[in-house]
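Visitor: Could you take me on a close look at one part of this model, the place where the two chains meet, and at what lies on either side?

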Amino acid sequence: MNPAFPLVPVRASSVASEVDALFLFILTVTGIAAVGIWIALLYFAIRYRRRSDDERPAEIEGSLVLELTWTIIPFLLMIAMFVWGAKVFFHLNRPPDDAMTVSVVGKRWMWKLQHPTGQREVNQLHVPVGRAVKLVITSEDTIHSFYVPAFRIKKDAVPGRYNLAWFQATRTGTYHLFCAEYCGTEHSRMTGSIVVMEPEEYQVWLAGGPAPESPVLQGEKLFTDLNCITCHRMDDAGRGPVLRGVFGRSVKLASGEEITADAAYVRESILIPTAKVVAGYQPVMPTYQGQVNEEQILALIAYIESLRIPASAAAPARTPTSGAPSR
Amino acid sequence: MTSESRTLPADHYLKSGWDLKSWLLTTDHKRIGLMYLVSITLMFAIGSIYAGIVRWNLLVPNGSQMSAEAYNKAFTGHGVVMVFFFLIPSIPATLGNFLIPLMIGAKDLAFPRINLLSWYIYVIGAALTMYALLTGGLETGWTFYTPYSTVFAESNVAVAAVGIFIAGFSSILTGLNFIVTIHKMRAPGLTWFRLPLFVWAHYATAIIQILGTPVVAITILLVALERLFHFGFFDPNRGGDPILFQHLFWFYSHPAVYIMILPSMGVISEIVTCFSRKRIFGYSFIAMSSLAIAVIGFLVWAHHMFVTGLSVYSAMVFSALTYLVAVPSAIKTFNWTATLFRGSVQWDTPMIYVFCFIGLFLIGGLTGLFLGNLGTDVHLTDTYFVVAHFHYIMVGGAIMGYLGGLHFWWPKITGRKYVESWGKVSSLLVFVGFNLTFFPQFVLGYLGMPRRYWSYPEEFQILNVLSTAGATILGFGYLFPFSYLTHSVFRGEPAGDNPWGAKGLEWTTQSPPKTHNFDAVPVVDEEPYDYASPPKETVRV
């Protein structure tokens with residue numbers, strides 16, 4: 001048994017101290033309120049205990065001033081908590097632009113992770129200290145939740161959606177990774193670890209093992225192997241829309257609607273092609289449901305994203321900057 | 001108290017028969033309240049056994065006590081039974097049923113036969129759900145999250161869902177009955193602002209029951225339909241949206257928390273004023289805060305979903321509204337405490353439960369501020385912090401109020417007294433056991449232990465062992481009232497009509513009351529909780 005008996009979880013990310021400061025603020029305010037009321041309760045209960053059965057205390061009906069006081073003061077304190085909380089939440093939901101993207105796929109009962117350079121891991125993630133890491137999280141089956149207590153981050157892995165989270169590790173070490181959304185029998189075994197390493201060590205770790213392909217290259221290969229390229233040609237002579245420069249842009253649909261071509265749209269178009277057909281095209285694309293798994297879809301998305309107009313994204317080191325819906 | 005009131009009255013509602021038929025076909029709200037009391041006590045016992053299994057498993061980190069399947073079924077059984085079949089009906093169906101007509105000077109609820117019907121519906125729903133739990137079990141968690149429940153679960157989801165669907169109608173009918181009764185059957189002179197706060201609390205509860213329960217009934221039916229016939233409501237592979245389920249589910253299930261806690265707040269208001277022998281502080285603020293909770297409570301549901309990928313702006317709206325709904329609860333707490341000021345405070349068992357309630361509900365409510373907060377919720381949600389938080393509300397709040405109310409009105413219900421010292425001892429056991437069970441869980445959650453874990457990292461063991469030790473004490477704490485209250489029904493000393501010197505119409509009739517409650521329609525000519533004047537004598541004809 002571990003002899004350690006901690007009361008505060010390890011702080012190992014840049015947002016952890018922000019979250020803890022906020023936690024401490026709420027704890028202080030609520031603590032003072034609770035102790036104050038307990039003392040008042042006990043004091044009144046003892047001080048005014050019944051001494052004889054004939055006691056008939058004088059009536060006090062209430063006091064508008066007091067009512068307003070104990071409505072307005074808690075209300076103001078709560079506004080302060082809310083505003084501070086919203087600020088931290090924004091920070092938790094806004095990854096820095098230079099973050100490296102790691103894709104996360106939850107599957108009963110494991111976490112499948114892929115580095116921007118293509119390395120894959122299961123239930124373990126190696127990351128360099130001090131570097132912002134953006135997580136693009138989805139699920140292959142039911143809902144899971146990616147939770148790293150030491151980083152104070154948690155985000156659900158929802159099938160059919162791409163959720164974002166990010167962290168910047170501040171100290172090396174190995175930290176728990178938990179699944180926090182109940183997902184069946186082995187839910188409590190859907191755990192793993194985040195290994196935070198010095199940047200040089202991380203480079204050594206990356207270099208170990210066979211050289212992998214980046215998700216963009218994998219996606220490009222799939223694009224050919226699955227014959228996507230027959231219809232989605234680079235010129236506009238194909239039966240399907242040209243995909244160059246489409247990602248992240250607004251697309252006009254046959255229904256007249258306009259939507260943004262984000263990761264969720266690309267995914268839906270691969271699996272249910274007839275759901276949202278681009279204006280000017282026939283609904284002739286067959287579904288790829290059952291032929292591609294979530295990781296392959298992520299690779300295809302990465303490839304399509306790399307076809308954005310400033311072709312700089314094609315450089316392998318600058319692999320997908322976003323696999324997630326743009327907000 | 002005069003010696004003549006030391007015998008039970010010759011005629012009362014329990015004397016109208018002890019045979020099965022006289023119970024199963026009764027339309028007397030008092031008897032139906034007692035039938036509910038027996039039914040929910042049974043369900044509480046079953047739910048407690050499930051809780052015991054859960055705590056037993058968590059004594060060790062590696063899950064060696066039982067299989068993961070068994071554990072998952074145990075925590076699901078605990079949640080389903082306690083939420084749908086104990087907490088939701090608890091106070092309204094027992095004390096509310098028994099007391100509302102008495103408190104407003106009526107001879108029964110507006111629809112006595114619908115009242116009986118609601119009990120039968122409850123029993124059918126409970127029986128069906130228990131059948132599902134005992135033959136194959138259920139491992140979805142009480143929340144039935146999709147697509148797990150509709151696609152992946154390998155248990156009796158559809159049967160249990162139908163059982164809960166059915167039981168929902170019992171709650172709707174009770175709410176409907178209360179609203180009509182409170183509107184139409186008040187005694188002459190009993191204006192809205194002379195109503196006991198217990199009645200106000202039930203009025204607010206009934207609004208939630210009527211507006212909220214149909215939503216969860218439909219949602220849970222959609223789960224059953226998707227599971228049986230593969231409709232694509234929630235399954236993303238069929239074009240459904242799993243998050244839609246969470247919106248629909250919490251649209252009811254968050255207000256449902258107020259179905260559990262509001263009646264309990266009503267009980268506290270009654271007891272605190274009687275045992276301080278003083279008019280309640282800020283009557284209209286307490287009454288209106290119940291309504292405010294019922295209304296705002298419908299607008300906060302997505303605070304259960306801050307990490308699902310909800311947009312940051314909607315998350316902000318729901319967080320702000322969550323803070324708003326905390327205000328009326330704070331107002332109530334301050335007013336109860338202020339009622340004691342310069343009062344004449346009697347430390348009897350019901351009042352001790354009030355102290356427990358205020359002390360524990362305070363922790364439950366204040367820890368809600370950590371969870372309604374966007375910044376801290378991300379870390380805390382789906383951990384033991386949440387488990388601890390809602391147990392402080394539902395056990396520390398709702399059940400303490402229920403026990404307090406049961407002890408307070410027990411002499412009215414049975415006409416007899418329980419042994420006071422036993423009441424005190426057991427309330428102490430419940431208080432200590434409860435805190436030992438759930439306080440460590442706040443720490444566990446802050447440290448990052450996720451809920452619904454059958455096995456867990458070793459560093460969490462000490463706190464889990466403490467929690468299980470507390471649960472053991474709590475279990476004994478619950479057995480005591482069960483024993484001495486049952487004992488008092490047969491052997492208790494006759495209590496007299498108004499043993500506490502309480503105000504309120506229910507204390508102006510005999511204990512136990514006659515089947516038709518009052519011999520003459522009472523006329524109300526005084527303000528509520530007018531403790532400055534001595535209690536009225538029972539009118540005996």
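Guide: Sure, let's begin with chain A, where buried residues make up 37% of the 327 residues; buried means that 20 or more other C-beta atoms, placed from the backbone, lie within 10 Å of a residue's own, while 12 or fewer makes it exposed and anything in between partly exposed. Before going on: this is a predicted model, where local features need pLDDT of at least 70 and side-chain atom pairs count only at pLDDT 80 or more, while totals for chains, interfaces and linings use all residues. Residues are numbered from 1 along each chain as its sequence is written, and chains are lettered from A and ligands numbered from 1 in the order in which they are written.

Chain A has seven helices and 12 strands, taken as DSSP runs numbered from the N terminus (H or I of at least four residues for helices, E of at least two for strands). Its C-alpha trace spans about 100 × 55 × 40 Å along the principal axes. The radius of gyration is 27 Å, against near 20 Å for a compact globule of 327 residues; that value is taken over C-alpha atoms, and the globule rule is 2.2 Å times the number of residues to the power 0.38.

The domain assignment splits out domain 1 (100-207) and domain 2 (215-318) of chain A, with bounds from an automatic or database assignment. Their C-alpha centres lie 26 Å apart. Nine residues of domain 1 of chain A are in contact with seven of domain 2 of chain A, contact being C-beta atoms, placed from the backbone, within 7 Å. On the domain 1 side, β1 (100-107) and β2 (110-114) of chain A are the elements that give two or more residues.

Now for the meeting of the chains: the contact takes 77 residues from chain A and 77 residues from chain B. On the chain A side, the elements giving two or more residues are α1 (16-47), α2 (64-93), β6 (144-148), β7 (153-157) and β9 (173-179). α2(A) gives the most, with 17 residues. That side divides into 46 nonpolar, 15 polar and 16 charged residues, where Ala, Val, Leu, Ile, Met, Phe, Trp, Tyr, Cys and Pro count as nonpolar, Asp, Glu, Lys and Arg as charged, and the others, Gly among them, as polar.

Across the way, chain B has 16 helices and zero strands. Its radius of gyration is 23 Å, close to the 24 Å the globule rule gives for 541 residues, so chain B is as compact as a globular protein of that length. Of those 541 residues, 65% count as buried.

Then there's the largest nonpolar core, with 253 residues, among which V104(A), L135(A) and A161(B) touch the most other members. A core here is a set of buried Ala, Val, Leu, Ile, Met, Phe, Trp, Tyr and Cys residues joined through C-beta atoms within 7 Å. Helix α9 (residues 242-274) of chain B gives the most to this core, with 20 residues. Domain 1 and domain 2 of chain A both give residues to the core, so it lies between them. Zooming in, L135(A) touches V102(A), V104(A), F146(A), L164(A), A165(A) and W166(A), leaving out residues up to four places away in sequence.

One last stop in chain B: helix α14 (residues 384-414) bends by about 45 degrees at F408(B), with a proline, P411(B), following within four residues. The bend is the angle between axes fitted to the seven residues ending there and the seven starting there. In α14(B), 30 of its 31 residues are buried, and G415(B), which follows the helix, has a positive phi, near 80 degrees.

Conventions:
Two residues are in contact if their C-beta atoms, placed from the backbone, lie within 7 Å.
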